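Take a look at the model below. The text then moves from a small sheet to a contact between chains.

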Amino acid sequence: MRYSGLKVITEGLFGNKGWKPAWRNPEPKATYDAIIIGGGGHGLSTAYYLAKNYGLGNIAVLEKGYLGSGNIGRNTTIVRANYFIPGNSEFYSHSLKLWESLEGKLNYNVMHSQRGQVVLFHSDGQRDLAARRGNAIVNQGDDAEFMSREDLREEFPYLDYEQTRFPIYGGLMQRRAGTARHDAVAWGYARAADQLGVDLIQNCEVTGIDTEGGKVVGVQTTRGVIKAAKVGIVVAGRSSQVAAMAGMKLPIESHVMQAFVTEGLKPIIDSVISFGMGHFYISQSDKGGLVFGGDLDFYASYAARGNLPMLEHVMEAGMTLMPMIGRAKILRTWGGIMDMTPDGSPIIDKTHIDGLFLDAGWNYGGFKAVPASGWCMAHLMATGQRHEVAARFRLDRFRLGQIIDEEGTGSQHNLH
Amino acid sequence: MPELIAKSPLGTRSPLTIGLLRLSEAPIMPMTSIAVFPGHDKAIAKVLKPMGLAFPAPNMISQKGEAFLAWTGRDQAFLLGVAAPMIPASAAAVTDQSDAWAGLIFEGPGAHDALMRWVPIDLRPERFAIGSAIRAPIYHMQAIILRLTANRFDLLVFRSMARTAWHEIELAMMTIEARSQRSK
Amino acid sequence: MRIGGKGLIDRTKPVKFLFDGRAYGGYRGDTLASALLANDVRLMGRSFKYHRPRGVLTAGSEEPNALVEIIGTKNQTPNVRATVQEVFEGLNARSQNRWPSLRFDALGINDAVSPFLSAGFYYKTFMWPRAFWERIYEPLIRRAAGLGSLSGRHDEGLYEKAYAFCDLLVIGSGPTGLMAALTAARSGADVILADEEARLGGRVLADDIMVGGKPGSDWVAEVKAELTALPNVRIMTRTTVTGAYDHGTYGALERVGLHLRARANLPRECFWRIVAKRAILASGALERGIAFPMNDRPGIMMAGALRSYLNIYGVAPAKRVTIFANNDSARASARAMIKAGVTVAAIIDSRADAPMEDGTIVHAGAQVTTTRGRLALREITVRKGGEDILIETDCLGVSGGWNPTLHLTCHMNGRPSWCEERAAFVPQPGAVPGLFAAGAANGTFSTHGCLAAGHAAALAALSDLELRPASVMLPEAEDAPYRIAALWAVAGKGRAWLDLGNDVTTKDVALSAQENFSSVEHMKRYTTQGMAPDQGKSSNVAALAVLADATGRSIPETGTTTYRPPFVPVSIAALGAGGRGTGFAPQRFLTSDQASRDRGAPMIEAGLWYRPSYFPKPGEATWRESCDREVMMVRETVGVADVSTLGKIDIQGADAARFLDFVYSNMFSTLPVGRVRYGLMLREDGFVLDDGTTARLGEQRYLMTTTTAAAGLVMRHLDFVHQAFCADWQVRFISVTEAWAQFAVAGPQARVLLNSMLDEPVDLPFMGCAPLRIGGVEGRIFRISFSGEEGYEVAVPTRYGEALFRDLVARAETIGGGPYGMEALNVLRIEKGFITHAEIHGRVTAFDIGMNKMISAKKDCIGKAGALRPGLVGPEREQMVGLRVSGDKGLVAGAHLFTHGDAISRVASQGYVTSVCWSPMLNQWLGLGFLKNGRARHGEKVRLVDHMRDVDLICEVCDPVFHDPNGEKLRA
Amino acid sequence: MRLSCPLCGPRDRREFYYYGSDDYLNRPAPDAQPEAWDDYLHLRDNPAGELKDLWYHELGCGQWLRVTRNTVTHEVLQTELVADRKVIRR
C-alpha cells in the first residue's frame, strides 16, 4: 500500500477502513541469511539497506520488545552534520544526505524538517573553536555559517543578550540541520523493510549467540533457535550484554540521559538552539511542545530514568539562556540509556568472530546517525568490508590510540 | 615602601537585616589547615592537648575559648581564631588559610530555613547541633558551615565568591520575609 | 450558579476578575473554574486538534479542557488549569487555542474534516513536493497546533527552590493522609504533610462526608489544629509532590504566590526537594470517563467534580443534571444535587442490576449513545433495552469508575498491576522503596477503609523508623463496598473521545490496532493518546481497554504505558530557579577587580573569574590600540598583571617530591629548593592534561600552579592519584589559590620597579623563588615569565592584593609602564610560543607540542603508558608550529591549513590554527597552529582558509617561538 | 539520588562527581602490555546489575568513594573510602 494525500482523502471518505497493517507479524523461520539483533532505528535501517542495497531477501530483525522501543523513541530528535574530527565528519555528512531523501525513499513522512541549528559561543576561545568546527564542516561539503550577536538578535530576539555571566558572542549555524519525528523514522524503516520481505519479529529476545570454530551460526532466542551465518548486534543501550554472549568486553559504559518536553505552545522557537556553556539545547516540535535536554546524569545506569540534579541544571541553563521559557511547564521527563565510549564516537566493525558484526557506542548522537549507520552496517555485513565513511569506527582504535574525540575529554566514558 | 592596607573579602559592606534575619561579614581571623600525615595522630594530639583542643571527629568542632578546631576533611581540620601552634613538619602539613576564605555570619530565628534554600543539608537545630562543622555546597559553591551557637551559622566560602554567597543568602532572606508577610 | 449555604469559600471576601475581557465576580477561595461556573460560564476552551468547544471536566489538576492563559502585568502564563488557579482581585484570564474568539473559532473547520485527520494521517501525506514540507505544510501544522502561547518576553518573575527533610512525607490530606499524618505525628515522627489543594481534607471536603459522627469539615479542622500545634509537623498546602526519585528524594511544587496579586519578593512558585526516610502516598483516586459518542461537550463532566463544586465552592454547574455511571459512587452526586435543590433528570446506570434511588429515575442497563448542543450540552440520547430515550439536560455527570492516583509509584519504572474487581490498576508494593501507597491511591475507596489504611500505613512507617506508635482512635465513617461493572466505551455513531486533551477517539485507537500499531506503546505514540497536558490521567486506562478489545487481548496482556515525572506539569522557571542571569554559576572576583574597573577595563569571563581584557587610555578607539600599547609597554618598560586566577596547590610531606614525579611527566624530585620548574601533566590516556610551574619552597614543600581553567580538574586528579594509588605516602596538599593575590611584573624595568618597593634589591636567578617581605607583609616572589621578558610574580596574602596592585601600577606608571590585560597577555605569550588550553585542548599529546622529551624515561608517571600508543605519536599527527604573515591581512584562529595548491576539502586539510595575534613588535600577524608533520615543514608556505570569516591567504610555517628564541631576555 | 559519604554522611548526588567503574583503581604495571592498558582505560564489564564505581565528594570533603550500586535499581549497597583500601603496591 502506497501512502499519499489522495489516499488519505479516499480512505477518509470511506471511514478509514481500508488501511492495511504497517508491517506483518511473521513467525520466525528456522534460518535466515542475516539476523539483526535489535529493532531500533539502527537495526531497522540496517535491515532495510541490506535488503534494498544488497538485495538480501532473507533477513530477520529480532526485537526484545516492540519496534522502536529503544532510544529511537526517546530522544530529542535532532538531525545535524556538524562534527569536525575526521571519521565523524564524513559519516554524519553522509547521514544528512540520506535524511534529505528519506521520505521519498521510505514513502513515509518522518517530518524531517531542516529548520536549522545554531550553537552559541560565549568567549573568544569558543568562537575560534566554533570557527574550526564550521570550517571543517564546509571543507567536508556541508553548510555552516557564523552568526554575529546582531544576526542572532534578529532571528532569536528572546535570548538573554544582557546576561553577563556567559554573554552571547555569536553562533555557528547549520541551516540544513533540524529535527525529525523520531518514532516515525523507526516506523518508516520498519514498514519499508517489511515491504522488501524483511521479517520483523517483536517480543523475541536473543539469549545466546551460537558459534562454531570461530564462526557465528545463529542465535538463541525466547522464541527458539534461529540460524544465520551473519549476525549483526545493533542494540545500543544493551550492547555490553549482547556482546558478552559472544565473549566480548566492549569499550562501553551505559549511562542515562534525560530529556524533557513541555506542554504544547504556539510556535515560538523555530530552530534548534544549543547553549555552548550550559549543556542545553532546545527545539519546538510540530505539536508545540518544547523539546530539550542537557547532559548525561553522569552515573552508569540502565534505569531509563534520571534524577533531579541534572534536570535542575538543564532548567537553570534554559533560564539563563532564554528566560522567556520560564512559564512553559515541563510535561514529561524521561531517560534513555546511552552506550558511552571512551572517545565519544561509535563503533561499526567486525568482531573476532567470523560473521558477527557490531554497531554500537552511539553515545548520544545516535538518532541523526540512523540512516548512515544502517547504510554502513549493511555494507559491512554484505561485503565484509568497512564502508569508507565509517572506516574509522574501528573496535581496536582505543588500544591503538586512534581516537576520535570531539570533546577532547579523554578516556572517561561519561565525559563525551 | 608601599603601604599595604588589608581589605576583607566584602570590603565595607554593612550588615544586612531583613525581618528577623541578619547577615554580616566576619572579621578576618587566623585560619590554619592542619593535615595530619599518615600515622602521626598522636604527635598532633600532643600539640593540641596543651591548647585544650582535640583533633575533631568528622563533622565536629573542638573548642576552647577563642580557639576552634573544625573538621574539614579526612585527617584535616582548620584551626580558627588563634595562631597556629608549632607543629613538627613530619606530623602534619600546616597551611595558612586565613586569606583563602570569606566568613559570613548568618543569624536569627529560622536562619536554617533561609539557608536550606541553597544548602542540600538538614540544618534544622535538632538535626544540626551546636558544635557541628560540615563541608557542603551553598548552591554551586564549596563551603564550610559551622554551628557554634544557637540561631547562628558561620559560613566560609572561597574568598573570590563572597559576593555571590552574599547575594544568594540575601535573596533567601527576602523571600522568607515576603512569605512571612504573605498572609498579612 | 451559586448555591446558598454550601461551600467553603469566604463569602465575605468578594473578588472581581476578568475572563476573555469580561468582568465577573467570585469569592476568595474560588478557583477560576468554580467562579466561572457560578457565573454560568461553561465554555472555557477549545480542543487541541478539532478545536471543539470544551467546558470544565474536573475540579482538579488533572483537568484536560479548561486550560487558560493568565495575563499578568508584565507577562502571561499559558496552559493554566482553571480548576487550580484561585481567583484574586484583578485576575485576568484568557481562553486559548482559538481565533478570533472562543465562541467563533475559525479552526473549528478541522472538526468538519475530521475523517481526513485520523490517527497518524500526517505520516502518510505532505511528502510531495518535497520542498513544500518546510515551507507550507509544516508551518500550517505548527500554527494550528500548540495550546497557549508564551509572550517571548523574559520571565522576570521570582521563583525559588528549597530543600526539606523529614522522617515521613505524607502525600495528600484526604482521610488517608490526615489519619497517617496524625498517627505519625503523635508518635513523634518528623512529618511533612503535603497537599495539592489550598485546603487540607481532600475528598472529605469534596464529598461532605461524616467522620466520627460529625461533618467532615469539622473533623478536618480538628486534625489540622492538632497537627499545626505540633512542632514536629510541617504542613505544606498548595504543594504538589511531582516526582519520586532515588533514595527517598521527592520533588514538590509549591504555588507560593500564584493565588495572589504579584507582590515584591514573594516567589511565584517554589520547587522543593524533600528527602524523606519514608513516604505515604495518600493521593486518592481520579475519576475516569466513559467513551460514549459525542461525550466532549461543555456540561459533560465528572460526577465527582459535581460534588467538589457543590461542597467546596457552593456551585452547581447547571440546573438540570443527569448522571451516567457504571458504579455506585456517582449516586452521591445525584443525592447532593437534589439536596441542594438542583433537578436530577435521571440516573443512567449501565449495570443491568443497578440499585434504585429514592426520588430519582434510574435507567438501569442503559447507556448514553449521543449528545447534542453546540456550545453547551442540551440533550442526550439514552439507549435502554433497544429503545432510545431523549433527555433534556444541561449537565451530565459521568463516572466510569476510579483510578488510584498511583503515578508516583511508577516513577522508578515500577508497573502497576491490574485488579479485575476494581477494574483498575493498583500500585505494585515496593515499586518505590520507602513509599507506601494507602487508601484510595491503593484501591481502597470507602472512607472507613481510607482512615484505617492511613493509620496502618503510618504504623508500618513508624515501625521502619523504629518509633513507638502513640494511640490513635479510628473515627467512624461509611464503609460501603465499591461496586462497579466495567464499561469503557459505548458503541454508536459519532466519535467517542478518550483523550480530550489530544482529541483521541476510540476510532483512532481502533485504527492503530488495524494498522498493527497494536503494542500499547505503539498505540500511544501513533494516536498521541495520553500525551496531552493531563498525560492521560483520566483516559489512559480506558484507551488501554479499548485497545485490548480491538486486539482481542485482556487488559493485563495488553500492558500499560508508564507514568513519568512530573505528576503535574512544572514550570521551567521553578525548576531552574536561581539560575537566571549571573546565578547560573558563581562569580569570582579578583582583588584588583575594582581597580581595573576604575580604569575602564572591560571584564571578561575566564574560569568563572572576571579578568580585565585591556586598560583603555584616552584617545584609544579600539581594543587593538590598547592591546598593542600594553604589549610594547611590557616589551620596552614594565607591565603589571593580576595572575591570581592560576590554580595554586600547597604540597607538603616527605613524599611530596615522589608524588610530583608521579603526577608530572617530568622530574621534580631533582628540583633544588628555591627553584621553579615547568611541568607537564598528562591524563592517564597519554594526552596532555595541564601545564604550569611548580616551585620548591622547602625540602618537603612545593607550590604547584595550574592553569586557571583546569584548577579544579587538577585538584580532583591529584586527589584521585593520591587516594587511589598512594594514600599511605607522607604527602598532603591543599588549594591556596584564594589565599594569595599574585601579580606578574614583567619587562626590562621589572627589577627597577620591584627594587623601588623592597628593602633589599631583588636577586633571583631565572626560575628562582624566595620569600619576600613587602610593606611589612610576608610574601613570595618567583622569577618566572609568561611574556618572554624578565618577569617576576609577587604574591601576598589576598587581603593585601588590592593595595599591592594599586601600588605596583602606580609605580609602574612613573617609569612608563602600567597594567596590562588578557589581550596583551595573550599576544605576549603567542610571540613567545607559550601554550594555553587553546593549544592543549584535550586531543594533543606531548609529542604534538614538541615536548615528548619531557616524559621522563627514568620513572613511571600518570599517562606514560598511554602516551606510547602508536596513534599518539608519528609524523601523520598534527604538530604545533608557528605561522606568520606580513601585511594587514590577518590570521584567524579556527582556520584550516592546506598545502599550497591543494583543493580545499576535508581530506586535504593539513591542520588548523589555534591562536593568533597581531604582533606590534614584529609588525606582522603571528599564529600558533597544528600541522601534519609540521616540525619538518618550517619555511613552507601554506594556505590558510576560513570560510566562516572569508579569509584565504598564504602564510609561512615557522618555529612557534617568535620572540627571543634563546631566552636571553628571560635570563637577563 | 543520595550517597552516604563515609565521612560526611548521607548527601545529595549533586555534591559528587562521577568517574566510572572501579577498574580505574587497578592500574597496570608500567611495563604491562598494551592490552592490559586497553583493558584498564577502555574496556568495561558494564553490568546491568551490581557495579563498583568511583565518586568524588567534590562539594564536600574531597574524598574519592568506591560505591557498590545496582545500575538497574540504583540501590546503593555499600560506600567506602578509596583511600582506606589496601593500597596496591606499585
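Which residue of E34(C) does Ala606(C) stand opposite? The partner is Trp609(C). This is a predicted model. Strand E34, residues 609-612 of chain C, runs antiparallel to E33(C), and four bridges join the two.

Now take in the whole sheet. It is open and has three strands, in the order E32-E34-E33 of chain C, with mixed pairing. E32 (588-589) and E33 (603-606) of chain C stand at the edges. Each has a single partner strand, so one side of each is left without a neighbour in the sheet.

Strand pairing also links the chains. Strand E16 of chain A (residues 329-340) is joined by two bridges to strand E31 of chain C (residues 570-571), and the two run antiparallel. Here Ile330(A) has Val570(C) in E31(C) as its bridge partner.

Next comes the interface of chain A and chain C. Chain A gives 122 residues to the contact, and chain C gives 120. About 9,900 Å² is buried between the two chains, with 54% of that area from carbon and sulfur atoms. Of the area that chain A buries against chain C, 10% comes from Arg165(A), Lys266(A) and Arg327(A), more than from any other three residues.

Polar links cross the interface too. There are twelve salt bridges between chain A and chain C. One of them joins the side chains of Asp128(A) and Arg949(C), at 3.8 Å from N to O. Helix H5 of chain A (residues 124-140) supplies eleven residues to the side of chain A that touches chain C, the largest share. By class, that side has 52 nonpolar, 38 polar and 32 charged residues.

Conventions. Residues numbered from 1 in each chain as written. Chains lettered and ligands numbered in written order. Predicted model: local features only at pLDDT ≥ 70, side-chain atom pairs only at ≥ 80, totals over all residues. Heavy atoms only, no water. Pairing = 2+ DSSP bridges. Contact = heavy atoms within 4.5 Å. Buried area = accessible area lost by both parts, 1.4 Å probe. Salt bridge = Lys/Arg side-chain N within 4 Å of Asp/Glu carboxyl O. Nonpolar A, V, L, I, M, F, W, Y, C, P; charged D, E, K, R; others polar.
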